[in-house]
Amino acid sequence: MATTPPTTIALLSGGLDSATAAALAIEAGHRVIGLSFDYGQRHRRELLAANAIAGALNLAEHHTIAVNLAAWGGSALTDPALPVPQDGTAEGVIPSTYVPGRNTVFIALGLSLAEARGAGRLVLGVNAVDYSGYPDCRPDYLEAFQTLADLASKAGREGRGVRLWAPLVQWSKTRIVTEALRLGVPIASTSSCYSGGDRPCGVCDSCRIRDAALIEAGRADLVGR
């Protein structure tokens, strides 16, 4: 008798990291449901990328919901009056591209979908190595949120709570690129640029880190795509 594969919810931003995390869940034999957010981000091209990735990875479902974090701004990604940094950020300084409360809101909604669908995992593409120390991309944050998830849900109180899975959290960007290539992730369809144009700007933190990793991984042909 065939067994039903476990279900995993993937927070799918449209970027390389979340696409790779979703592909890892598929490789592990999971039925994957994608969840994306229209939160008023200036880089709305990532929503088109999320749709393309969901199709390319043949996700079981893909939902995009609106959560207007741009209503109060506070980030260069949601407030057009704030410039996107183009010359890096000093070590220990959280950059203006940090969106207040974003991952806390997104994970909470992902946990809601996971419990409703009976999913055992919520896979996240968060990474604490190659980015600028966002507070909601760090292991201690994820550990604390796991405790909250177990306490805040019916499934958690019954001992079958949703597990937060962040397989890339300690990976370098080059390792992420290498894994994405191995897994067949459509890297050219992903969108990681913060600036919001039709083409990657090549100078924001996200573009520079991504391009350097592509070159190191031997795929300079994907730079700028």
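A salt bridge here is a side-chain nitrogen of Lys or Arg within 4 Å of a carboxyl oxygen of Asp or Glu. Glu61 and Arg117 fit that description, with their side chains meeting at 3.1 Å, N to O. That pair ties together distant parts of the chain, since Glu61 sits in strand β3 and Arg117 in helix α3 (residues 102–117), 56 residues apart. Keep in mind that this is a predicted model. Below is a quick tour of the sheet, the helices around it and the charged side chains.

**The sheet**

- Five strands line up as an open sheet, and reading across gives β3-β2-β1-β4-β5, with parallel pairing.
- The edges are taken by β3 (61–66) and β5 (163–165), each of which pairs on one side only.
- On average, neighbouring strands in this sheet are turned by 25° against each other, direction ignored.
- Strand β1 (residues 7–11) runs parallel to β4 (residues 121–123), and three bridges join the two.
- If you want to find that pairing in the viewer, look for Thr8, whose bridge partner in β4 is Arg121.
- Over at β2 and β3, six bridges hold the parallel pair together.
- Gly34 is a handy marker there, with His62 as its bridge partner in β3.
- As a general point, side chains in a regular strand alternate between the two faces of the sheet.

**Helices on and around the sheet**

- Helix α2 (residues 45–56) packs on the sheet, where it touches both β2 (31–38) and β3.
- The direction of α2 makes about 165° with that of β3.
- Put β2, α2 and β3 together and you have a right-handed β-α-β unit.
- Helix α6 (residues 173–183) has a set of buried residues that includes Ile176, Val177, Ala180 and Leu183, but also Lys173 and Glu179.
- Those buried α6 residues pack against two other helices, α1 (16–27) and α7.
- Just past the end of α6, Gly184 takes a positive phi of about 75°.

**Salt bridges**

- Opposite charges on side chains can pair when the charged atoms come close.
- The count for this model comes to 11 salt bridges.
- Asp38 and Arg44 make one of them, with their closest N and O atoms 2.7 Å apart.
- Neither end of that pair counts as buried, because the cut-off is under 20% relative accessible area, while Asp38 is at 22% and Arg44 is at 41%.
- Back at the Glu61 pair, Arg117 has 39% relative accessibility, so this arginine counts as partly exposed.
- Arg208 and Asp205 form another salt bridge, with 2.5 Å between the closest N and O atoms.
- These two are three residues apart in helix α7, so about one helical turn separates them.
- The two ends of that bridge sit in contrasting surroundings: Arg208 is partly exposed at 34%, whereas Asp205 is buried at 8%.
- Glu27, Glu179 and Arg182 are joined into one network by salt bridges that share partners.

**A buried acid with no partner**

- What does Asp211 have for a salt bridge? None, even though Asp211 is buried.
- The nearest side chain of opposite charge belongs to Arg210, 4.8 Å away, and a salt bridge needs the atoms within 4 Å.
- Asp211 lies in helix α7 (residues 205–216).
- Setting aside neighbours within four places in sequence, Asp211 is in contact with Gly202, Val223 and Gly224.

Technical notes:
Residues numbered from 1 in each chain as written. Predicted model: local features only at pLDDT ≥ 70, side-chain atom pairs only at ≥ 80, totals over all residues. Heavy atoms only, no water. Pairing = 2+ DSSP bridges. Helix = DSSP H or I, 4+ residues; strand = E, 2+ residues; numbered from the N terminus. Axes fitted to C-alpha atoms, helices over the stretch in contact; angles between N-to-C directions. Contact = heavy atoms within 4.5 Å. Buried < 20%, exposed > 50% of the residue type's maximum accessible area, 1.4 Å probe, protein only. Lys, Arg positive; Asp, Glu negative; His and termini not counted. Right-handed = clockwise from strand over helix to strand, strands pointing away.
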